[in-house]
Amino acid sequence: MSNSLEYTRNIGIMAHIDAGKTTTTERILFYTGVTHRIGEVHNGNAQMDWMIQEQERGITITSAATTTFWKYRDNEYKINIIDTPGHVDFTVEVERSLRVLDGAIAVFCAVGGVEPQSETVWRQADRYRVPKIAFVNKMDRVGADFFSVVEQIQEKFGANAVPVQIPVGSGEDFTGVIDLIENKAVVWFSDETLGTRYELHDIPEELKEEAEEWRAKLVEAVAEADDTLLERYFEDPGSITREDMLSVMRKSVIDGLAVPVLCGSAFKNKGIQRLLDAIVAYLPSPLEVGGVTGINPRNNEEAIRMPDENEPLAALAFKIATDPFVGRLAFLRVYSGMLKTGDMVLNMRTGKRERINRLFQMHANKQNPKQSISAGDICAAVGLKDLKTGDTLCAIHKPIWLESMEFPEPVIGVAIEPKTQADMDKLGIALNKLAEEDPTFQVKSDSDSGQTIISGMGELHLEILIDRLKREFKIECNQGKPQVAYKEALTSSVEHREVFKKQTGGKGKFADIEVEIMPAEDGFTGLQFIDQVRGGNIPREFISSVEKGFKMAMSNGPLAGFPLYNLKVVLKDGSYHPVDSDSLSFEIAARQALRNSAPKCRPVLLEPIMKAEVVTPEEFVGDVVSDFNRRRGKVEGMESKAGSRVIKAKVPLAENFGYVTVLRTLTSGRATSTMEYSHYEEVPEEISNKIIEQIKGKFY
């Protein structure tokens, strides 16, 4: 059984919004026989876009998982596919999928080329060292330019993009591809066969020269990656065979040294079978990816688990979803060992044991029950009560911590309340379920106003969540205006001594700390805590309480009560009382120290800055730029692309609510925009003063 792992591929499909990811996945399902009719995104019947909101909007919101099989060179391969969203508000779905995948297909639009979200997902894949194949889709569109997209992949990502196919025609005249490894033209039959049949022909006369030029480049790229081949290449370039090319290209892809580029038109059913061949030919099996590295909590040393069912169990929960029929589903990637129905496993975060009640292999939102899932596979489990995204599940007597996932902080919040008092309790339960599913969605209660504030990654993100409350949980909500998630920061340092004493008869409370409080170093978020106490003036167990106290105090900044973005605290000295001192005393002393000293450190207000990119016809450039200036935006660059202008800018989120509507009006609906969080920046003083006055006026 374990050798079948070499015939398994765990892959994800990633791209900018509207590049055709879901359409590509639908075609893969059709040609591999999982579905018997082709689902279309624009008709709202795509298999992988199973949520009502996805069907209505024609976008992917949650990453859907499915398993399919493909025959290549007389072997049957099992392919686990995750179709990820392209919209930047759902970037966490891409992040957590890439964490558990062994390979990715980056889909690009042949007209739009490398777009902003393509860059984001590519960087995410690089961070997890995921090998990639590029698929240039929409070759049937007017203005399609395969070679321009290859050039953009090389320039913008610094990737070694190597075409293994080139198109035959483009736009209306796109009929097939030239396979540079086979040195043959692949031509699909007319639409009646829905692209299931294609034939290999000799390369048409008019394309021979171009094909020879690109094949020579491919042979050269392959030879450079292997010393033995390079010698043969210099002696006789013609001696490099198809098998040589496939094996060296595969090794280069797995090592992250090359990205094979293919092309096609998913919508017109051309190019998908060859893409499936490429997935199997170039992307790694779990065996080639090798063992997963974690930490053994017993000795804090590195431990490796190999993709073998005889090893102890190690699995990572990469997504939680609520299903109306089976309840809470936890999506797991099993890295080592075997997971069986009824097994008891250890959750490393809680330290508790949990039972696996049922296991499923997923197809979008349908489940196929399984008795066991082996190393290298992806599945969904039911019965895990206290599980969060990023948790490690492992064998009870062989614990291991796998590296968890980091998620961005929400940048926008909105106050909501149920329309009827009767829904109050239902709302709390529903919001907790949604927050379990989505780590970038946070719920908190405003201590001053008592309102429930939900926070997320953008307006669309919150809109979808409020829509889900209405449809899935039958809760109608009133909502306030969107609020920006401001933060605060200190700009100078101060030394401070805090003594906390309390005597109420019997045992008292005592803590004494001497600290220096200052801004954290560049690029640091959260608390940077440095302990410089020498000679046991404060016992070790109380030092962690000081750190905890500062961490807690950071949630309430000195200016207007917004959380502190970052902070550096150096604990220099202090003293304790052998009877009256305890952990709580030092925690309280730390909280008071920050409250009393922060106002002296010239605190400032920070706001989230968004990275915006607008693609607009030439005649509207002036209007779009002056609108950015009005919004305190900084235009950082402009470039021409496919007859339009691309304007890049950084704009404060506070000035950007409802931007899409304004842009439509300015450009008669002809411009498109994308926006993603970039960084936090200091708010100009006069605006900062207004915000603080508003906050204080609201509560006093």
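Which residue follows helix 12, and what is the sign of its phi? In this predicted model, helix 12 is followed by Lys474, for which phi takes a positive value near 55 degrees. The helix itself spans residues 459–472 and is made up of 14 residues, and the distance from its first C-alpha to its last reaches 20 Å, which is close to the 20 Å expected at 1.5 Å a residue. A number of positions in helix 12 are buried, among them Leu460, Leu462, Ile464, Leu465, Ile466 and Leu469, and the buried set also includes His461, Asp467 and Arg468.

The protein chain as a whole contains 17 helices and 37 strands. Of its 700 residues, 55% are buried, while the area that the chain exposes comes to about 31,300 Å², with carbon and sulfur atoms supplying 48% of that area. Among the contacts in the chain with a separation of 6 or more, 71% are accounted for by residues 24 or more positions apart.

One part of this architecture is an open sheet of 4 strands, arranged in the order 30-31-33-32 and with mixed pairing. Strand 30 (494–502) and strand 32 (526–531) each have a single partner strand and stand at the edges, so one side of each is left without a neighbour in the sheet. From one strand to the next, the twist averages 30 degrees. Strand 32 runs parallel to strand 33 (residues 566–575), and the two are joined by 6 bridges; within this pairing, Ile530 has Val570 of strand 33 as its bridge partner.

Two helices lie across strands of this sheet. Helix 13, formed by residues 540–553, lies across strand 31 (509–518), strand 32 and strand 33, and its direction makes an angle of about 155 degrees with strand 32. Helix 14, formed by residues 583–597, lies across strand 30, strand 31 and strand 33, and runs at about 40 degrees to strand 31.

Elsewhere in the chain, strand 12 (residues 292–296) and strand 13 (residues 301–305) run antiparallel and are joined by 5 bridges. Together these two strands form a hairpin with 4 residues between them, and Thr293 stands opposite Ile304 of strand 13. In the turn of the hairpin, Asn300 has a positive phi of about 60 degrees.

How values were computed: Residues numbered from 1 in each chain as written. Predicted model: local features only at pLDDT ≥ 70, side-chain atom pairs only at ≥ 80, totals over all residues. Heavy atoms only, no water. Pairing = 2+ DSSP bridges. Axes fitted to C-alpha atoms, helices over the stretch in contact; angles between N-to-C directions. Contact = heavy atoms within 4.5 Å. Expected span 1.5 Å × (residues − 1). Buried < 20%, exposed > 50% of the residue type's maximum accessible area, 1.4 Å probe, protein only. Areas by Shrake-Rupley, 256 points an atom, 1.4 Å probe, with all protein chains shown as cover.
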